[in-house]
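Student: I would like a close look at one part of this protein, please. Could you walk me through it slowly?

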Amino acid sequence: MTQLDGIVKPKTKRSKRFLEGRAPKLTEDAKIAMIMKGGNSSLTVTQALKDIYSLKKPNAVLYKKKNITRPFEDSTSLEFLSKKSDCSLFLFGSHNKKRPNNLVFGRLFDFHVLDMIEVGIEKFVSLSEIKTSKIPEGTKPMLVFAGEAFDTDTEHKRLKSLFIDFFRGPTVTAVRLAGLEHVLHFTALEGKIYMRSYRSLLKKSGCRTPRIELEEIGPSFDLVLRRTHLASDDLFKLSHRRPKALKIRKKKNISRDAFGTKLGRVHMQKQDLSKLQTRKMKGLRKRRGPKVAEDPDAQAPKVAADPDTPAPKVAKVEG
């Protein structure tokens, strides 16, 4: 590949396919996370990185060698590795006396660090310690967040957004009921964050809807929030920008409710309701006016006989 005026031009078909895979798309592929450990790490951090990698597979890259870097002081090495491996998420583990069992969750925008949040592991239970059947690789999890802090505190809001980006998996159009078998539960309580992983079991309930039970499969984390590096509001808004081709054009007189049901509005001309044919009912009939008393001296009006009208028949009564 040759580079002229900042534009990389491929020389071979292989390099052309490589650049086309890295080029921006209207619908991006699933986000890939790179998982690495620092110069100093403990057994707890190493095992935690492996367990998170097993949950994230196949959309993850695990670096087994140590990377001597400090993300909050210099993030150039992270940006270089993300560009090299085409990753937009990262997880960095380290251990020292000041910050033991340290994990740094972060994401990148345009191969530059967007935000990072550092958490410490206070309690950890690995996948191997819980002796139960596990979920298949690549299962899309259901994410559950509990706690008022995720809706009120700014740092917890950004941490919730980061966890959703990290664990959500690929975007799919439909999911079958049997495929909903992995649940990741995050609870914010008293300044700590509890992460639990469950496997949903469908049991017989005697009706069409099955009864659901949760079985813990690990890993299990008790985390405490430490340092944060959050992007500015303008940069965070820019990273959420969508291309115009993907924006849904608003159709006139068509809307959707909160459940996705399509609602339409039909405009009609003004109707003349006086000519509307309704059901005839006794209660809707017009009432006759009051009877006028007849004057005995008044003579009945004479009506001229119509020659075409036959004379009324008189019935004969035999005595």
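Student: What volume does the largest pocket have?

Tutor: Happy to help! This is a predicted model, in which local features need pLDDT of at least 70 and side-chain atom pairs count only at pLDDT 80 or more, while totals for chains, interfaces and linings use all residues. Residues are numbered from 1 along each chain as its sequence is written, and side-chain values use heavy atoms, with hydrogens and water left out.

Now to your pocket: its volume is about 1900 Å³. Elements give two or more residues to its lining in four cases, namely α1 (13–22), β6 (102–109), α5 and α6 (233–239). The most comes from α1, with four residues. In total, 40 residues line the pocket, and Glu28, Asp29, Lys31, Ser88 and Phe109 lie nearest its centre.

Some terms need their cut-offs. On a 1 Å grid over the protein atoms alone, a pocket is an open set of points where a 1.4 Å probe fits, with protein on both sides within 12 Å along at least five of seven lines, and a lining residue has an atom within 4 Å of a point. Grid points are joined across faces, edges and corners, and the volume is the space filled by probe spheres set on the points. Helices (H or I, at least four residues) and strands (E, at least two) are DSSP runs, numbered from the N terminus.

Two of the lining elements also lead us to loops. After β6 comes the loop before β7 (112–125), where Phe111 is found. Phe111 has a positive phi of about 60°, although it is not a glycine. With a relative accessibility of 29%, Phe111 is partly exposed, a label for values between buried (under 20% relative accessible area) and exposed (over 50%), with a 1.4 Å probe and protein chains only.

From α5 (154–167), a loop runs to β9 (182–189), and Val175 lies in this loop. Val175 is partly exposed too, at 47% relative accessible area. Together with Val172, Leu177, Leu180, Leu202, Ile212 and Leu214, Val175 forms a nonpolar surface patch of about 610 Å² accessible area.

Finally, the setting: the protein has six helices and 14 strands, and 27% of its 319 residues count as buried.

Definitions and conventions. Patches are made of residues with over 30% relative accessible area and no salt bridge: like charges are joined within 9 Å, nonpolar side chains (Val, Leu, Ile, Met, Phe, Trp, Tyr) within 5 Å. Accessible areas come from the Shrake-Rupley method with a 1.4 Å probe; for residues, only the protein chains shown count as cover. A salt bridge is a side-chain nitrogen of Lys or Arg within 4 Å of a carboxyl oxygen of Asp or Glu.
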